[in-house]
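Me: I would like to go through this structure step by step. Please show it, and then I will ask about its parts.

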Amino acid sequence: MSDHSAYEEFRSNVRRLAEQKVLPHAAAYDRDMRFPEESLAAFKGLDLVALAFRENVGGQEGDVLAQSIVLEELGRVCATSSLTLMVIWAGLVPIDKYGSEPLREEVIRPAVEGDVVASICLTEPAGGSDLFGLKTRAERRGDEWVLNGQKRWITNATRSDWYTVLVRTGEKSLSLFAVHKDDPGLSFGRREEKMGIKGSPTADVVFEDCCIPGHRLIGEEGKGYAYISESLTWTRVLIAAQALGIAQGALDQALKYTGERHQFGEPISRFQMIRGKIADMATQIEAGRSILYRAASAIDAGEADARSLASMAKLFCSDTAMATTIDALQLHGGSGYVSDFPIERMMRDAKITQIYEGVNEIQRLIIAKQVYAKAEQAA
Ligand SMILES: Cc1cc2nc3c(=O)[nH]c(=O)nc-3n(C[C@H](O)[C@H](O)[C@H](O)COP(=O)(O)OP(=O)(O)OC[C@H]3O[C@@H](n4cnc5c(N)ncnc54)[C@H](O)[C@@H]3O)c2cc1C
């Protein structure tokens, strides 16, 4: 997309889809812990799954800014739906980007139709933050690879068609593989009972002598960590977009409620303390939007600072989502504490954005490293 008005027109189309086709199911996904099938079907209306894939396999090749707008607008009404799309992209884009031609034809070409679900499998029981410490292994046996190990907290697990898995292929080398749901030796742990994003299934993914054909190695052997490091810069921006959407949704709910609720003979929106909270929320969100779009544009332009900008966006937008949903809930009084209003779901959903795609403490480490490096360069 080239100019501001094209992005804004795109945003209104996504917003219309989100409000008409996703919002009506959001409370039920949460209450019944059910996968957002209706949302996935609705995404086809704007070819949203294809947005992140390259044109030569039928994708839309939308830039990171456009992808962020999508996840922001979905997050505004349903964090589960936003996450589902984001993880499909996170699982499949490394295959599109680094996979061989036959693998891209096998996996990405059908995925552009919008029915394929995917997972990205990095975290293990022993840890998420220390990614390089992972223990799941792959060994070459003839023309095949055999995987053994266990991945934890995997989004879309049990519903995915494809699992993009980071494993150890040498003492100091990690590689990336594409595993299909029907591959022998693949199984799942119990579904986690979570605080929020309850429509999104989360479970362990287990590999026991899981045999896959040789061409499922994504890109080059030993390059998995480099591929995932690059991918995480992008996915952190996407989580920032999801978080910002949750924050905007919470502000929208607060504006509606405080305009309608009367106390002491007038709408509570007239009270100065309430107006002060609304002003703070709106300011934080506007600041978050600036840093989010700055980080998205930095990735699109290939800027050297993209990694730390992505971490700043993830840190700021997720903290904004948490703070804003807590404040918006408070403005609802007792009504905020019950499921008749969407704000309690939003508050529960916001929390995870501070944790996944790298906890915010890890984001701070990345930012500080870049800040010190720049200071040394300047000295
Ligand atoms: C609902 C949900 C969905 C998820 N989806 C996926 C998925 O699809 N795929 C996937 O691979 N993973 C997924 N994850 C995993 C997620 O990315 C990890 O939980 C996260 O990276 C944190 O890892 P951990 O849970 O092992 O925490 P730990 O790394 O054990 O961290 C525990 C605490 O220690 C702190 N800490 C750790 N290291 C440092 C440090 N160096 N300095 C300061 N503090 C530190 C952390 O901030 C945290 O407070 C998901 C998690 C959840 C809960």
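Me: Which ligand atom lies 2.8 Å from a backbone N or O atom of Leu-122?

Reply: This is a predicted model, where local features need pLDDT of at least 70, side-chain atom pairs count only at pLDDT 80 or more, and totals for chains, interfaces and linings use all residues. Residues are numbered from 1 along each chain as its sequence is written, and side-chain values use heavy atoms, with hydrogens and water left out. A polar contact is a pair of N or O atoms within 3.5 Å; within protein, one must be able to donate a hydrogen and the other to accept it, and residues adjacent in sequence count only if both atoms are side-chain atoms. For the backbone of Leu-122, the partner at 2.8 Å is an oxygen atom of the ligand.

Me: How much of the ligand's accessible area does the protein cover?

Reply: A backbone N or O atom of Ile-120 lies 2.8 Å from a nitrogen atom of the ligand, and a polar side-chain atom of Ser-129 lies 2.5 Å from an oxygen atom. On its own the ligand has 980 Å² of accessible area (Shrake-Rupley method, 1.4 Å probe; for residues, only the protein chains shown count as cover). Of that area, the protein covers 65%.

Me: Which residues come nearest to the ligand?

Reply: A residue is near a molecule or strand if one of its heavy atoms lies within 4 Å of it. There are 20 residues around the ligand, and those that come nearest are Thr-123, Gly-128, Ser-129, Trp-153 and Glu-361.

Me: Are the residues on the two faces of strand S1 buried or exposed?

Reply: Strands (E, at least two residues) and helices (H or I, at least four) are DSSP runs, numbered from the N terminus. Buried means under 20% relative accessible area, exposed over 50%, and partly exposed in between, with a 1.4 Å probe and protein chains only. In S1 (residues 118–121), Ala-118 and Ile-120 are on one side and Ser-119 and Cys-121 on the other, and all are buried.

Me: Which residue in S4 stands opposite Ser-119?

Reply: Two strands pair if DSSP finds at least two bridges between them. S1 and S4 (residues 162–170) run parallel and are joined by four bridges. Opposite Ser-119 stands Tyr-163.

Me: What is the bridge partner of Arg-140 in S3?

Reply: S2 (residues 137–141) and S3 (residues 144–155) run antiparallel, with five bridges between them. Their hairpin has two residues between the strands, and Gly-142 there takes a positive phi near 65°. The partner of Arg-140 is Trp-145.

Me: What is the relative accessibility of Asn-156?

Reply: Asn-156 is found in the loop between S3 and S4. Its phi is near 70°, a positive value in a residue other than glycine. Asn-156 counts as buried, because its relative accessibility is 0%.

Me: What is the relative accessible area of Asp-209?

Reply: Asp-209 lies in strand S7 (residues 202–213). Although not a glycine, Asp-209 has a positive phi of about 45°. Asp-209 is partly exposed, because its relative accessible area is 47%.

Me: What distance does helix H8 reach from its first C-alpha to its last?

Reply: H8 (residues 306–331) has 26 residues. The expected span of a helix is 1.5 Å times one less than its number of residues, and for H8 38 Å is expected. Close to this, the helix reaches 36 Å.
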